[in-house]
Amino acid sequence: QSFAELLDEDDSGTVRWWLKNPESRKWATQIILPTGRRFFPDFAIGVNGRKNRDQIALVEIKDDGETGRLQSDINLLKAQVRHKDYGRVTWAFREGKWVKGEYSPLVNRIVAHDRFKIDMLLLDS
């Protein structure tokens with residue numbers, strides 16, 4: 001809910017709409033992982049100015065990593081895949097403030113890259 005509120009508070013005009021992407025619905029946005037398992041990113045967001053099909057960004061929300069769930073094997077795999085039309089999924093988690101997470105092959109972990117900002121959704125990270 002906290003991330004949805006962050007999207008709702010955008011007054012820059014970047015976020016046109018957002019949808020909590022449901023898991024396992026036929027119409028939901030999904031990515032097939034190399035294992036054959038399906039990945040349903042948490043949010044699909046209409047982003048004014050994003051340069052991809054339908055100007056859609058996908059975002060996955062995770063815990064802050066203290067419990068280890070962020071760094072699970074399946075999440076490390078998910079953080080490396082791309083949607084065929086919408087590009088790479090943006091990862092966000094809390095470290096006090098919202099931060100953007102990125103997969104680092106050097107340490108085989110999802111690491112905090114920078115404080116999350118709405119304009120990051122413009123880029124295909």
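I began with Ser2, which I list as partly exposed because its relative accessibility is 32%. The cut-offs I use are under 20% for buried and over 50% for exposed. The model I am reading is a predicted one.

**Entry: Ser2**

I placed Ser2 in helix α1, which covers residues 2-8. I then looked up its contacts, leaving out neighbours within four places in sequence, and found Arg94 and Trp98. I also checked a distance: Ser2 and Glu95 are 93 residues apart in sequence, and their C-alpha atoms are 13 Å apart in space.

**Entry: the whole chain**

I went through the elements and noted two helices and ten strands. Read from the N terminus, their order is α-β-β-β-β-β-α-β-β-β-β-β.

I next asked what radius of gyration a compact globule of 125 residues would have. The expected value is near 14 Å, and the chain has 14 Å, so the two agree. For the extent of the C-alpha trace along its principal axes I wrote down about 35 × 35 × 25 Å.

I looked up burial for the chain and got 42% of the 125 residues as buried. The accessible surface is about 7200 Å², and carbon and sulfur atoms hold 47% of that surface. For contacts with a separation of 6 or more, I noted that 52% join residues 24 or more positions apart.

**Entry: the largest pocket**

I looked up the volume of the largest pocket and noted about 160 Å³. Its lining consists of Leu6, Arg94, Gly96, Lys97, Trp98, Arg115, Phe116, Lys117 and Ile118. I sorted this lining by residue type and have four nonpolar, one polar and four charged residues. Two of the lining residues, Arg94 and Trp98, had already come up as contacts of Ser2.

**Entry: Phe116**

I picked Phe116 from the pocket lining and found that it lies in the segment after β10. Is Phe116 buried or exposed? Its relative accessible area is 6%, so I enter Phe116 as buried.

With residues up to four places away in sequence left out, Phe116 touches Phe3, Leu6, Thr90, Ala92, Trp98, Val99, Lys100 and Leu121. Among these contacts, Leu6 and Trp98 are also on my list for the pocket lining. I checked one pair that is far apart along the chain: Phe116 and Leu7 are separated by 109 residues, with 11 Å between their C-alpha atoms.

**Entry: Pro41**

I found Pro41 in the loop between β3 (38-39) and β4 (43-47). Its relative accessibility is 0%, and therefore I count Pro41 as buried.

Which residues are in contact with Pro41, once neighbours within four places in sequence are set aside? I wrote down Asn21, Thr29, Ile31, Leu58, Val59, Glu60 and Val89. I also looked up Pro41 against Lys100, which is 59 residues away along the chain, and their C-alpha atoms are 15 Å apart.

**Entry: the loop between β1 and β2**

I looked at two residues in this loop, Trp27 and Ser24. The strands on either side are β1 (15-20) and β2 (31-32).

Trp27 has a relative accessible area of 57%, so I list Trp27 as exposed. Beyond its neighbours within four places in sequence, Trp27 is in contact with Leu19 and Pro22.

Ser24 comes out as partly exposed, because its relative accessible area is 46%. I marked Ser24 for its backbone: its phi is positive, about 70 degrees, although Ser24 is not a glycine. I made the mark because most residues other than glycine have a negative phi.

**Entry: strand β9 and the loop after it**

I found Ser104 in strand β9, residues 97-104. At 15% relative accessibility, Ser104 goes down as buried. Residues up to four places away in sequence aside, Ser104 touches Arg109 and Val111.

I then moved to Asn108, in the loop between β9 and β10 (109-115). What is the sign of phi at Asn108? The value is positive, about 50 degrees, and Asn108 is not a glycine. Asn108 has a relative accessible area of 42%, so I enter Asn108 as partly exposed.

Note on methods. Residues numbered from 1 in each chain as written. Predicted model: local features only at pLDDT ≥ 70, side-chain atom pairs only at ≥ 80, totals over all residues. Heavy atoms only, no water. 1 Å grid on protein atoms, 1.4 Å probe; cavity = no way out; pocket = protein on both sides within 12 Å on 5 of 7 lines; lining within 4 Å. Points joined across faces, edges and corners; volume = space filled by probe spheres on them. Nonpolar A, V, L, I, M, F, W, Y, C, P; charged D, E, K, R; others polar. Helix = DSSP H or I, 4+ residues; strand = E, 2+ residues; numbered from the N terminus. Rg over C-alpha atoms; globule rule 2.2 N^0.38 Å. Buried < 20%, exposed > 50% of the residue type's maximum accessible area, 1.4 Å probe, protein only. Contact = heavy atoms within 4.5 Å. Areas by Shrake-Rupley, 256 points an atom, 1.4 Å probe, with all protein chains shown as cover.
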